[in-house]
Amino acid sequence: MKQLTPCPTKIEINEVAPRDGLQIEARFVPTEEKIRWIDALSTTGLRRIEATSFTSPKAIPNLRDAADVVTGIQRQEGVAITVLVPNVKGTERALACQVDEINLVMSASDSHGLANLRMTPERSLEQFAAILDVTKGSGVFINASLSTAFGCPFEGEVPEARVLELVEKLIGLGIQGFTLCDTTGMANPAQVKCLCEAVLERWPETPFTLHFHNTRGMGLANALAAWQAGITRFDASLGGLGGCPFAPGATGNVCTEDLVHMFEAMGVDTGVDLDALLEITATLPDLIGHDVPGQVVKAGKSNRRYAMPATSSQSS
């Protein structure tokens with residue numbers, strides 16, 4: 001009989017809203033406001049913050065101020081600043097800003113890779129090798145995000161064996177950590193549990209992060225399944241912002257404050273000050289110009305209590 005792994009009692013939350021959340025917003029958030037936002041997030045107990053992407057301003061105009069943002073934020077001890085880079089040029093720009101972590105991205109499916117990056121997974125592997133050459137000796141942690149790990153909006157099912165094959169190749173290149181991404185919210189909890197158990201069994205010492213989108217309302221359920229499988233690292237986006245601009249039907253990421261609330265209510269230590277996080281979330285509509293899909297900021301925490309409604313007295 002297979003021995004069950006105890007569920008972790010402590011996890012870490014990695015905030016991706018400054019990059020994944022802002023990349024598809026209609027309004028450009030001014031650089032100084034981004035910096036104030038990230039500085040505030042850095043004081044809440046989040047372990048990593050994906051601050052921006054060093055990509056072409058033509059591709060993602062909302063993140064055209066990447067270098068100014070990274071060099072302008074106040075670094076907090078224990079909070080890693082990570083950035084997404086698409087190529088060698090972006091890597092060199094990121095290294096010049098002294099980031100803590102570089103996040104590379106590739107797709108598990110050919111179709112999404114061509115739509116999102118204009119290259120197949122095999123071509124991405126070649127580019128990653130060149131990027132790793134540039135980062136040698138820098139001391140920067142290198143993470144690879146594997147998009148469409150749970151399904152492709154163009155091809156449908158992505159076999160688990162394909163994901164494992166790509167992880168194995170990336171480890172061979174020297175990648176240190178991985179993010180398994182449910183890019184368009186196609187995953188289900190049973191599928192998530194199986195893939196998470198598979199990667200943890202094969203590479204127990206490798207840090208794996210799970211990145212869920214709430215496109216079909218299963219973000220929290222999938223996060224719970226990943227945790228039950230032994231995952232301790234989760235991406236999330238404040239207010240539920242985000243979505244891939246090159247994936248049809250993609251909507252926001254699993255919401256940071258909702259994810260923290262769920263785990264804390266279960267007695268799982270996230271290290272995050274939920275009240276402080278909710279205060280920041282409440283400022284999002286003014287920052288981006290519209291309401292956000294997060295639930296806890298609207299309903300309050302589950303321990304919120306209300307006064308009993310006044311009852312009318314009845315005459316005898």
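**Notebook: G271 and the chain around it**

I started at G271, which sits in the loop between α10 (256–265) and α11 (274–281); helices here are DSSP runs of H or I with at least four residues, strands are E runs of at least two, and both are numbered from the N terminus. I'm working with a predicted model, where local features need pLDDT of at least 70, side-chain atom pairs count only at pLDDT 80 or more, and totals for chains, interfaces and linings use all residues. Residues are numbered from 1 along each chain as its sequence is written, and side-chain values use heavy atoms, with hydrogens and water left out.

Is G271 buried or exposed? I got partly exposed, at 44% relative accessible area (buried is under 20%, exposed over 50%, partly exposed in between, with a 1.4 Å probe and protein chains only).

Next I looked up what G271 touches: setting aside neighbours within four places in sequence, T44, G45 and E264 (contact means heavy atoms within 4.5 Å). I also checked G271 against A307, 36 residues along the chain, and their C-alpha atoms are 31 Å apart.

Then I went to the core. The largest nonpolar one has 86 residues, and I13, W37, F150, L180, L210 and F234 have the most contacts inside it (a core is a set of buried Ala, Val, Leu, Ile, Met, Phe, Trp, Tyr and Cys joined through side-chain atoms within 4.5 Å). I picked L210: beyond four places in sequence, its contacts include F150, L180 and F234.

Last, the whole chain. I noted 13 helices and eight strands, and 53% of the 316 residues count as buried.
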